[in-house]
Each structure stands twice: as C-alpha cells, then as structure tokens.
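Work through the two exercises below with the model open. Each task is followed by its solution.

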Amino acid sequence: MLFVFASSDYDDLVARATSGVSLTANKKILVFESRREFGEGISSFQISMYGASFLAGATAASLCEEGGKDALVVLANPTDSPIALAGDGLMAGYGRTCDTEYLSDDWKGYVSASHAYQKMYGWASEYSFIFPVAGGSNSGIYRYSREFGECPFLAGMDVDQSSLSDRIAGCVIKHIDRLVYEYLDGWRQSGKLPESKVYDLECRSSRPGISSKSSKERKAKACRRLSILLKTTTCSYTGADTAHRAPCAGTRPKMQSRAMICRLRSHRCTMPVPTGRC
C-alpha cells in the first residue's frame, strides 16, 4: 500500500505522525514536492524548476536589454520551497537579482487572480518581463495582457499556455504525469522506492562542448545561441509571424528569429529569443 501526500506542506505532519514508528514492509509513504529525508519506508519526490527557470532567466535578460526595464518574479507566497527555487533559477539565468513580489503570505497566493490583475496596472509600466509562479493567480496576469496593449513579456507555467496571451514569450511545462509514471514503474520493477528523489534539468547540446555540467556563464551563452536538444522527438520553434511545432527531423526550417528549445525529463520550456511566443 502506498499513501501519497500531495506537497511539502505535509512534511511536519508526516514527521510527527511517523516519529518512533516503523512501517511494515507492505506500507510505504510518498511525499510529493518535498526534499526532506524521512525515515525508513518514507520517500520524498520533487520536480525542481531551477534548471528550466535558469533558461527562462537567460531569455528574460535578452528581452529586458531590448526593453530597457528589469524583470520581475511573482511568487504565490514566501514559504513554498519549490516556487522559491524557481525564482532562484530565474535570477541565476538572468545574471543578477531582480525584484520579487509575493501575492500572499500563505496558500491564498495561489488563488488570488483578481489581486494579481490589479497589481499588473503598476507592474506593466515598471518591467519588461514577468515570471509568475503562482498557480491559478497567474490567470489574472494573463487576463491583463489580453486586455491592455502595453504589457511586459510573460512566461507560461506548468502547461502550454501560449494560447492565453500573445505576450507569453515561452512556457515552462512540467509533465508530472509522465514523471510519476516513470517513478512508480521504477518502483514496480526494482521493488524499492528511493528515499529522496529530485528531478532536475538534464539536457545535451546540439554542438559539442556544451553540457549540463557547464558553468553558469557558458549555460547563459548557450541559451542565447543554441538549441538545447534532449531525448524526446518534439522541437518547438518560433518564426517572426507564426508559432510552429513539428517532429524533429534533425534539421530546423529557416527562421527569422531564434528559439531556445529544451525538452526535459520533467520540464519542457520553449523560450524564443528575442521575441515571439512558444
């Protein structure tokens, strides 16, 4: 039997409930979106957004250089470690610290679309790029971008949101279903869940010399110049007027604007440089 807790919000509860208790061999506990290491029979599982957010930050640097304004990170709250890690990744790729706004002090930051919409009246004139990691609250930001012409570039989050606004410069997509399947299938085959598992950016370059172990400086340069190609067969690229997707045949069609392309085991982000949408 496997009992699953949905997020790191339950870390303390799991720790208290299992303190001094040994689980029988046929019982396991899995905590999603947590990095904490628990006792025997309790596993943690997190999809790190740091690497994909790093690539988004490199793109934001190019867009902000053209727009003449800074980037903004919008987080649901200051307490959730997975979204804080995404903000750290964005700033690392961006090359410097940028402003961070929190929509709430707790879980309500994920359900504050109206508040985010109102805040956009000020943010739209102050920033060239906004990176929102706030769940359902992001819809308020995208709504503003559809209703007003003057709006910063935005990032889509979790799923392909490019249809929500023509200001979405790229999307960070987490294929949670595939990853969970792979994780549980590994458990079925090996008979053992890893105590702690973090899925992060894994990629290879279309040119030699750029690897996932490159320095931050080299990664940032690669993000602007290269297509990051991974194990899957989908390429996403952006032309001057239209967005196009097709199976990767080893070559790319002629483009008037370049695109960063990365496909991850846990993420896919498509971030065009310097303009466009995913």
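The exercises cover a sheet with its packing helix, then a pocket, in a predicted model.

**Exercise 1. The sheet**

Determine the strand order of the four-stranded open sheet, find its edges, and place helix α6 against it.

Solution.

Step 1. Read the order across the sheet: β1-β2-β3-β9, with parallel pairing.

Step 2. Find the edges. β1 (2–5) and β9 (196–199) each have a single partner strand, so one side of each lacks a neighbour in the sheet.

Step 3. Check the turn between neighbouring strands. The average is 15°, direction ignored.

Step 4. Look at one pair in detail. β2 (residues 28–32) and β3 (residues 42–47) run parallel and are joined by four bridges. Ile29 has Ile42 in β3 as its bridge partner.

Step 5. Add the helix. α6 (residues 176–190) packs on the sheet and touches β1, β2, β3 and β9. The direction of α6 makes about 150° with that of β3.

**Exercise 2. The largest pocket**

State how much space lies in the largest pocket, then describe its lining by position, element and residue class.

Solution.

Step 1. Take the volume. The largest pocket holds about 490 Å³ of space.

Step 2. Go to the centre. The lining has 25 residues, and Glu33, Asp80, Pro82, Ile83 and Tyr110 are the closest to the pocket centre.

Step 3. Assign elements. α3 (81–94) supplies at least two lining residues, and β7 (153–158) also supplies at least two.

Step 4. Sort the lining by class. Eleven residues are nonpolar, seven are polar and seven are charged.

Methods
Residues are numbered from 1 along each chain as its sequence is written. This is a predicted model: local features need pLDDT of at least 70, side-chain atom pairs count only at pLDDT 80 or more; totals for chains, interfaces and linings use all residues. Side-chain values use heavy atoms; hydrogens and water are left out. Two strands pair if DSSP finds at least two bridges between them. Axes are lines fitted to C-alpha atoms, for helices over the stretch in contact, and angles run from 0 to 180 degrees between N-to-C directions. Contact means heavy atoms within 4.5 Å. On a 1 Å grid over the protein atoms alone, a cavity is a set of points where a 1.4 Å probe fits but cannot get out, and a pocket is an open set with protein on both sides within 12 Å along at least five of seven lines; lining residues have an atom within 4 Å of a point. Grid points are joined across faces, edges and corners, and a volume is the space filled by probe spheres set on the points. Ala, Val, Leu, Ile, Met, Phe, Trp, Tyr, Cys and Pro count as nonpolar, Asp, Glu, Lys and Arg as charged, and the others, Gly among them, as polar.
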